[in-house]
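The following exercises concern charged side chains and helix packing. Please work through each task before reading its solution.

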Amino acid sequence: MSEHEQQQPAPRRGKVLEALARAERKVFTRPAPESAKAQVKFLLTRAKGATKALAERLGVSRRTVERYRAGKLTTPQKRLQAALVEETESEWKPQFRAQAREQASTSSGMMVEVTVYFGFTCSGSSDDGRIRTITALISPTYVKQILELQEAGATEEDLHPIVAEAITESYFTEWGTRADGLRADFTHVQSIDFQF
């Protein structure tokens, strides 16, 4: 293993980004490849056999890719395992992912269940901030914004305000029928799940 491979940290998604990825995986008709050999073979198929291009995407040498494809290596380091999983899932069943995203952003919306610390600002009085577990339907308008931000490479911190705004509209203000002017922000995400 080269010094370069040892120094790169494992890619890490935040809880919101990971929840979006889990929601997408739930729409797959069959699971993505799980073994390193199967993942490499699948990714090579998607890369039209270009081992050099795949090696660059994974942050490893071309020879390492060839060894996994041949089955000579079977247990990747944590960083490479995380990269294989993320790359495989991003390429797996794109048509199902696209259909689910399109439907959620145009008609059905998306369910979210979140346990976070909510803080509030409002004209008048409001509850003090505290940990809450909330399940709410996010409107297609917000789903579209969230998915566009995700595709544009948004960070976890970029997504928090839009998810908080979506929850505020659907749960706290009930689509503008109560709590006029309420704004909720959240931090300290303990858990979050989306469902298309």
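**Exercise 1.** Classify Asp193 as buried, partly exposed or exposed from its relative accessibility, then describe its salt bridge.

*Solution.* Step 1: The classes are buried (under 20% relative accessible area), exposed (over 50%) and partly exposed (in between), with a 1.4 Å probe and protein chains only. Because Asp193 has 34% relative accessibility, Asp193 counts as partly exposed. The structure is a predicted model, in which local features need pLDDT of at least 70 and side-chain atom pairs count only at pLDDT 80 or more, while totals for chains, interfaces and linings use all residues. Residues are numbered from 1 along each chain as its sequence is written, and side-chain values use heavy atoms, with hydrogens and water left out.

Step 2: A salt bridge requires a side-chain nitrogen of Lys or Arg within 4 Å of a carboxyl oxygen of Asp or Glu. Asp193 meets Arg22 in such a pair, at 2.7 Å from N to O. Arg22 lies in helix H2 (residues 15–26) and Asp193 in strand S3 (residues 183–195), 171 residues apart. Helices (H or I, at least four residues) and strands (E, at least two) are DSSP runs, numbered from the N terminus.

Step 3: Arg22, at 26% relative accessibility, is also partly exposed.

**Exercise 2.** State where the partners Arg101 and Glu151 lie, and which network includes them.

*Solution.* Step 1: The side chains of Arg101 and Glu151 form a salt bridge of 2.9 Å, N to O. Arg101 belongs to helix H7 (residues 94–108) and Glu151 to helix H8 (residues 140–151), 50 residues apart.

Step 2: Arg101 is buried at 9% relative accessibility, whereas Glu151 is exposed at 61%.

Step 3: A network of salt bridges links Glu24, Arg97, Arg101 and Glu151. The whole structure has 11 salt bridges.

**Exercise 3.** Determine how H2 and H8 are oriented, and which residues make their contact.

*Solution.* Step 1: The axes of H2 and H8 are 12 Å apart, at an angle of about 105°. Axes are lines fitted to C-alpha atoms, for helices over the stretch in contact, and angles run from 0 to 180 degrees between N-to-C directions.

Step 2: H2 is therefore roughly perpendicular to H8, given that angles under 35 degrees count as roughly parallel, over 145 as roughly antiparallel, 65 to 115 as roughly perpendicular and the rest as oblique.

Step 3: Leu17, Leu20 and Glu24 of H2 make the contact (heavy atoms within 4.5 Å) with Ile146, Leu147 and Gln150 of H8.
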